[in-house]
Amino acid sequence: MKLLDIAQFAAASLRGSRSRTLLMILAMSIGVASVVVLTALGEGARRYVVNQFSSLGTNLIIVFPGRTETAGIGPGMLLGQIPRELSLDDAQALLRSPAIARIAPLTIGTSQISQNALNREVVVLGSTSEMLKVRHMSMGLGQFLPAGDVHSSESVCVLGSKIRRELFAQESGIGSWVRLGDRRFRVIGVLASQGESMGFNTDEIVIVPVASAHMLFNTSGLFRILVEAKSRDSIAAASRDAEQILTERHHGERDVTVVTQDAVLATFDRILRALTLAVGGIAAISLAVAGILIMNVMLIAVSQRVKEIGLLKALGAPAAQIRKLFFAEAVLLSGIGSVAGLILGEAGVLVIAKLYPALPVVAPWWAVLAAIATSLGTGIMFSVWPARRAARLDPVTALAGR
Amino acid sequence: MIEFKRVSRSFMVGGQEVAALRDIDLNIAAGDYVSIMGPSGSGKSTLLNLIGLLDRPSSGIYRLDGGNVTDLDDQQQARVRSEKIGFVFQSFHLIPRLSAAMNIELPLILAGIPPAERRARVTALLENYGLTDRAEHRPDQLSGGQKQRVAIARATSMHPAVLLADEPTGNLDQTTGREVINLLEKLTEQNVTLIMVTHDPAIGGRAMRQLHMVDGRITNESNT
């Protein structure tokens, strides 16, 4: 008996019990579709986070004051000490390292911004001209903070695009004066609209020189120092140097934390990948259930078709062939089921992508392969027993329908 | 053609051995027309199943076409059935979801005959048995006589040397029953060995050789 004939015969028997076949295919396709959709969601979340991180800048190292130890509460915390501040000079000192290309000190605070009668609360960032490059931002209008002495507190500011729109509407706003707290700043530039990045909307910030921000908020410490290493390979050297330089400057006390972007990224990547695997695995359980359903249906089919099996034997079908016929039915069922499931799943992914355009939902190829393999595998595995049972029937009793 | 030597067949029923056939010696030549008659439980069907290789003797030797077929394995048995033996059943045993043409084609498909030849043979058979306009009908759309004609067409599709019929008229009225018998008898003219189990003495009496069975033995043979 030829392969094509086996397939045709199996297809004919599937058509013979239409509603049962459709239900089976439905069960199988829901299983496959759920694997596809859930892993696509997990993978989408992972890619989202990875993208967000890369949009922060490349070869980025972040230095912040205080040392976070994983070994519980440090002695300083119990004594009510607050960590030593990072000063602007600390930041400048980092440039001594040959592995470090540029740095951008960062101070952050909120203030009232007003222009004529309009005013609102904004996040004010204090930084230097280098920030534009380190953070991969781009200008919409005018210029960024001028280069020069980091200690000079010039009264200039750069607005986020939304802030400009709110304060100046149709006008560019360049050259106008705005009031931040108790100081007046001249607007010299407007950032290009970038949207959200790591939960931080650069459209709604105001950037001023770091010294000005210190005066505005009456502090001298830095919130972060963003460090850009010269290349990907020098990230390790740069973070080692940064830690060493700051330890020296702080009288041998290691009281800063240096995180590389890659390390953070790798952690997120691992967590989210594990999450994707977990939801994929849960979805795969439904596939296994579908497999057991197939077994059940095939067993019923065998007992309903005892006479037919007897007849096939009488017409000259050996046991092996009967086995193949039932086997082919199960393979067809799970095959059609997985294809339908794939289509269903991809359609679901498309719908999610339409609903949440920010989330890059794509079913990873390994999940698609795994889903198909699992559905075919369970379909085949769970049809072995029914097929053997059919093949072992005694032709005389089978023909009598007993 | 068919040669039984001291063939016995016994079944275990409730832990007790019950003999269905006792020491049957039988010779049937090619082209013979044999009827097997007897009360129920006399072993007629068991004998037919043994001849058709659907069952194995408990003891004794069965030769078919000169070859010993007593101890063939499943694969070999299936092959002999496919090539040499055709079955016609009382309850037709057509596959309900397949069309008449597909039912006739089934043994050819199982034997792995190429599609073109299959189609040619099926077309010829449909015509021979007056079923051309019923080719695409499913069994539930056919009358009893038509069903049995489909079954006979199917049984002869592989040109078997032996045709085994188990009460072929049992589910048919007299007129259609006679038509079916005529069709079967016509096959014996083409040197097909026809062996038919029947209750009906009027039908059994038409056979060239009539075997009467009682209690697992052939008690009497009458020839016409």
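**Exercise 1. Explain why strand β8 (residues 193-197) of chain B is described as largely enclosed by the rest of the structure.**

Solution. Five of the five residues of β8(B) are buried, so the strand is largely enclosed by the rest of the structure. A residue is buried if 20 or more other C-beta atoms lie within 10 Å of its own, exposed if 12 or fewer, and partly exposed in between, with C-beta atoms placed from the backbone. Helices (H or I, at least four residues) and strands (E, at least two) are DSSP runs, numbered from the N terminus.

The model is predicted: local features need pLDDT of at least 70 and side-chain atom pairs count only at pLDDT 80 or more, while totals for chains, interfaces and linings use all residues. Residues are numbered from 1 along each chain as its sequence is written, and chains are lettered from A and ligands numbered from 1 in the order in which they are written.

Next, sort the residues by direction. In a regular strand the side chains alternate between the two faces of the sheet. Thr193(B), Ile195(B) and Val197(B) point one way from β8(B), Leu194(B) and Met196(B) point the other way, and all are buried.

**Exercise 2. Identify the strands that pair with β8(B) and the sense of each pairing.**

Solution. Two strands pair if DSSP finds at least two bridges between them.

- Strand β3 (residues 33-37) of chain B is joined to β8(B) by four bridges, in the parallel sense. Tyr33(B) has Leu194(B) as its bridge partner in β8(B).
- Strand β7 (residues 162-166) of chain B is joined to β8(B) by five bridges, again in the parallel sense. Opposite Asp166(B) stands Val197(B) of β8(B).

The connection from β7(B) to β8(B) passes through helix α6 (residues 174-188) of chain B, and this β-α-β crossover is right-handed. Right-handed here means that, with the strands pointing away from the viewer, the path from the first strand over the helix to the second runs clockwise.

**Exercise 3. Give the strand order of the six-stranded sheet in chain B, then place the helices that pack on it.**

Solution. The sheet is open, its pairing is mixed, and its order is β6-β7-β8-β3-β9-β10 (chain B). At the edges stand β6 (85-88) and β10 (217-223) of chain B; each has a single partner strand, so one side of each is left without a neighbour in the sheet. On average, neighbouring strands of this sheet are turned by 20° against each other, direction ignored. Axes are lines fitted to C-alpha atoms, for helices over the stretch in contact, and angles run from 0 to 180 degrees between N-to-C directions.

At one edge, β6(B) runs parallel to β7(B), with four bridges between them. Phe87(B) has Leu164(B) as its bridge partner in β7(B).

Now add the helices. Helix α1 (residues 44-51) of chain B packs on the sheet, where it touches β3, β7, β8 and β9 (209-214) of chain B, and its direction makes about 150° with that of β8(B). Two residues are in contact if their C-beta atoms, placed from the backbone, lie within 7 Å. α5(B) lies across β6 and β7 of chain B and runs at about 170° to β6(B).

**Exercise 4. Describe how helices α3 and α5 of chain B meet.**

Solution. The axes of α3 (residues 100-110) and α5 (residues 144-156) of chain B come within 7 Å and cross at roughly 25°. That makes α3(B) roughly parallel to α5(B), because angles under 35 degrees count as roughly parallel, over 145 as roughly antiparallel, 65 to 115 as roughly perpendicular and the rest as oblique. The crossing is right-handed: the near helix is turned clockwise from the far one by less than a right angle, whereas anticlockwise would be left-handed.

α3(B) contributes Ala100(B), Asn103(B), Ile104(B), Leu106(B) and Pro107(B) to the contact, and α5(B) contributes Val150(B), Ala153(B) and Arg154(B).

**Exercise 5. Give the strand order and the edges of the four-stranded sheet in chain B.**

Solution. This open sheet has antiparallel pairing and the order β2-β1-β4-β5 (chain B). Its edge strands are β2 (16-28) and β5 (67-68) of chain B, each pairing on one side only. Within the sheet, five bridges join β1 (residues 2-13) to β4 (residues 59-64) of chain B, and the two run antiparallel. Lys5(B) has Ile61(B) as its bridge partner in β4(B).

**Exercise 6. Determine whether Pro386(A) is buried or exposed, and list what it touches.**

Solution. Pro386(A) is found in helix α12 (residues 365-392) of chain A. It has 24 C-beta neighbours inside 10 Å, so Pro386(A) counts as buried. Not counting residues up to four places away in sequence, Pro386(A) touches Met295(A), Met298(A), Leu299(A), Val302(A) and Phe326(A).
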